[in-house]
Amino acid sequence: MPALSAEPVTSDAAQVTEGEALYEALCAACHAPDANRIGPAHREVFGSRAGSVDGFSYTPALQSLDVVWDEETLDRWLAAPAAMAPGTSMGVSVPDPDRRRALIAFLRSLSVAGR
């Protein structure tokens with residue numbers, strides 16, 4: 001796993017690599033690309049509607065959130081989940097915009113539409 005850095009990521013491939021490392025460090029305790037865990041699976045999340053992963057039991061906050069996950073909505077979500085969907089059980093936020101961009105690049109790489 002690549003080391004986490006505070007330096008901005010410069011290339012698309014480097015950004016995805018950084019995002020994967022951040023995903024492992026910040027998200028993997030609750031999420032996996034291909035399996036529902038404490039949180040929903042993330043493969044194909046980019047471009048999907050919030051609260052739409054089959055087989056996952058969402059909080060009412062996410063069930064009623066009317067967004068499609070893209071760069072803008074994921075950036076808002078990762079910056080402050082509770083502000084975007086009061087009552088969510090998502091307790092992790094990512095205040096650094098460079099880290100959010102890297103995570104979003106990784107999530108996009110998990111989607112056929114994002115490639």
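Hi everyone, let's start in the middle: the largest nonpolar core has 25 residues, and Leu62, Leu65, Trp69, Trp77 and Leu103 touch the most other members. By nonpolar core I mean a set of buried Ala, Val, Leu, Ile, Met, Phe, Trp, Tyr and Cys residues joined through side-chain atoms within 4.5 Å. Buried is under 20% relative accessible area, exposed is over 50%, and partly exposed lies in between, with a 1.4 Å probe and protein chains only.

Helix 1, helix 2 (60–63), helix 3 and helix 5 each give two or more residues to this core. Helix 5 gives the most, with five residues. Helices here are DSSP runs of H or I, at least four residues long, numbered from the N terminus.

A quick word on the source: this is a predicted model, where local features need pLDDT of at least 70 and side-chain atom pairs count only at pLDDT 80 or more, while totals for chains, interfaces and linings use all residues. Residues are numbered from 1 along each chain as its sequence is written, and side-chain values use heavy atoms, with hydrogens and water left out.

Back to the core: which residues does Trp69 touch? Leaving out residues up to four places away in sequence, Trp69 touches Val45, Phe46, Gly47, Ser48, Arg49, Ala50, Leu62, Leu74, Trp77 and Met84. A contact means heavy atoms within 4.5 Å.

Now have a look at helix 5, residues 97–109. Its 13 residues should span 18 Å at 1.5 Å a residue, and the end C-alpha atoms are indeed 18 Å apart; the expected span is 1.5 Å times one less than the number of residues. Arg100, Ala102, Leu103, Ile104, Ala105, Phe106 and Leu107 are buried in this helix. Their cover includes helix 1 (12–27) and helix 3 (71–79). At the start of helix 5, a side-chain oxygen of Asp96 comes to within 3.0 Å of the backbone nitrogen of Asp98.

On to the aromatics: there are three aromatic pairs. In one, Phe56 and Tyr58 have ring centres 4.8 Å apart and planes at 70 degrees, so the pair is edge-to-face. The cut-offs are centres within 6.5 Å, with planes under 30 degrees apart stacked, over 60 edge-to-face and the rest tilted. Both Phe56 and Tyr58 are buried.

Last, the cysteines. How many disulfides does the structure hold? Zero, where a disulfide is a pair of cysteine sulfur atoms within 2.5 Å. Why is Cys27 unbonded? The closest cysteine sulfur, in Cys30, is 8.8 Å away, too far for a bond. Cys27 counts as buried because its relative accessibility is 14%, whereas Cys30, at 29%, counts as partly exposed.

Terms used: Polar contact = N/O pair within 3.5 Å; in protein donor to acceptor, adjacent residues only side chain to side chain. Phe/Tyr/Trp six-rings, centres within 6.5 Å; stacked < 30°, edge-to-face > 60°.
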